[in-house]
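Visitor: I would like a close look at a single part of this protein, taken slowly and with the reasoning spelled out.

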Amino acid sequence: MGMAGTSTDEIAGERRQLINVAYRLLGSLAEAEDAVQEAYARWYALPRSRREEIVSPGAWLTTVTGRICLDVLGSARARRERYVGAWLPEPLPDRAEWDHGHGTDPADQMVLDESVAMAFLVVLESMTPAERVAFVLHDVFRYPFTEIAGVLGRTPAACKQLAASARRRVGVAHAPVTAAGQADTVRHVKQAWETKNIAALVDLLDPAAVMIADGGGMVGTVLHPIEGGARIAQYMVAIADKAPGLELLERSVNGVPGLVAQYAGVVTTIASFDVADGRVTRIWAVRNPEKLSPWAQEG
């Protein structure tokens, strides 16, 4: 059955879902928006008669968006090999924590849940593009493998195997701590960082903790991971010494308690944390200004 009665509003209403799918596939809000825009461009480029033949425009748009994201993921690997320093996913704010709205900003359309937590997105980065697409579409958004097959150009059985392989990668991660538990740990880190208390920071950091920073070659930051709680604590205090007046705010980062650093009213760093047994095991610090645009208006 055709969809001759499908309205423009109904088609536009798919955007929220598509943005959410694309961000989880790409880890970049800007690239997700571009992918969704391209999918809509292809939809409206179809002859009207062809659009009326499509039973589910939403499914068609999802398939096209998925294929575009698959292409982007394939080319991203080469681009990230040339990236200066470590590449991290683009952090997302929780608009409810700020004082004003932002209209049609794609970040406003994001559903913040465990599938956008930085720890989860970093694991997704370890997958092949096909694994990531199969896993995200099936395990996160519950699309059937018959539909995913149309995105990947493989059989449903092959897509099921890809998702299973991806699931094993996710399975090695520890169970996430509660939001309240993580908030307490992050608050203590903030207090110790503000007072430059190295001993307190060391106590809050796992001895095998790792800190990864993403400056994209645009701002000063470490190019390689810092390993060990003591070394990370010393580095954090050194940062505080070099930036007197640095303001730390407790904010949700990708739906999980984190910290926002502001200097002279400008957001300069977004810090995400992974916590286990009351201690920080991972810190991801995004400083690349191009990845802070969803936060710029907040500062």
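Visitor: Which residues does the UniProt annotation "domain: RNA polymerase sigma-70 region" cover, and could you then take me through helix α3 (residues 29–45) in detail?

Guide: The model is a predicted one, and according to the unreviewed UniProt entry the annotation "domain: RNA polymerase sigma-70 region" covers residues 15–77. That span is 89% helix and 0% strand, and its end C-alpha atoms lie 26 Å apart. Turning to helix α3, residues 29–45, its 17 residues should span 24 Å at 1.5 Å a residue, and because its end C-alpha atoms are 24 Å apart, the expected and computed values agree. At the start of α3, the backbone nitrogen of Glu31 has a side-chain oxygen of Ser28 within 3.1 Å. Along the helix, the buried residues are Leu29, Ala32, Ala35, Val36, Ala39, Tyr40 and Trp43; viewed down the axis of α3, these buried residues fall within an arc of 135°, so they line one face of the helix. The face turned away from that buried side carries Asp34 and Ala45, which are exposed. As for what the buried residues of α3 meet, they pack against α1 (8–12), α2 (15–26), α4 (48–53) and α5 (57–81), and also against α13 (293–296). For the wider setting, the protein is divided into domain 1, made up of 9–86 + 119–171, and domain 2, made up of 179–295. The contact between them takes nine residues from domain 1 and twelve residues from domain 2, while the centres of the two domains, taken over C-alpha atoms, are separated by 31 Å.

Note on methods:
Residues numbered from 1 in each chain as written. Predicted model: local features only at pLDDT ≥ 70, side-chain atom pairs only at ≥ 80, totals over all residues. Heavy atoms only, no water. UniProt positions renumbered as here; feature names shortened; annotations may be inferred. Helix = DSSP H or I, 4+ residues; strand = E, 2+ residues; numbered from the N terminus. Expected span 1.5 Å × (residues − 1). Buried < 20%, exposed > 50% of the residue type's maximum accessible area, 1.4 Å probe, protein only. Arc of directions from axis to C-beta. Contact = heavy atoms within 4.5 Å. Polar contact = N/O pair within 3.5 Å; in protein donor to acceptor, adjacent residues only side chain to side chain. Domains from an automatic or database assignment.
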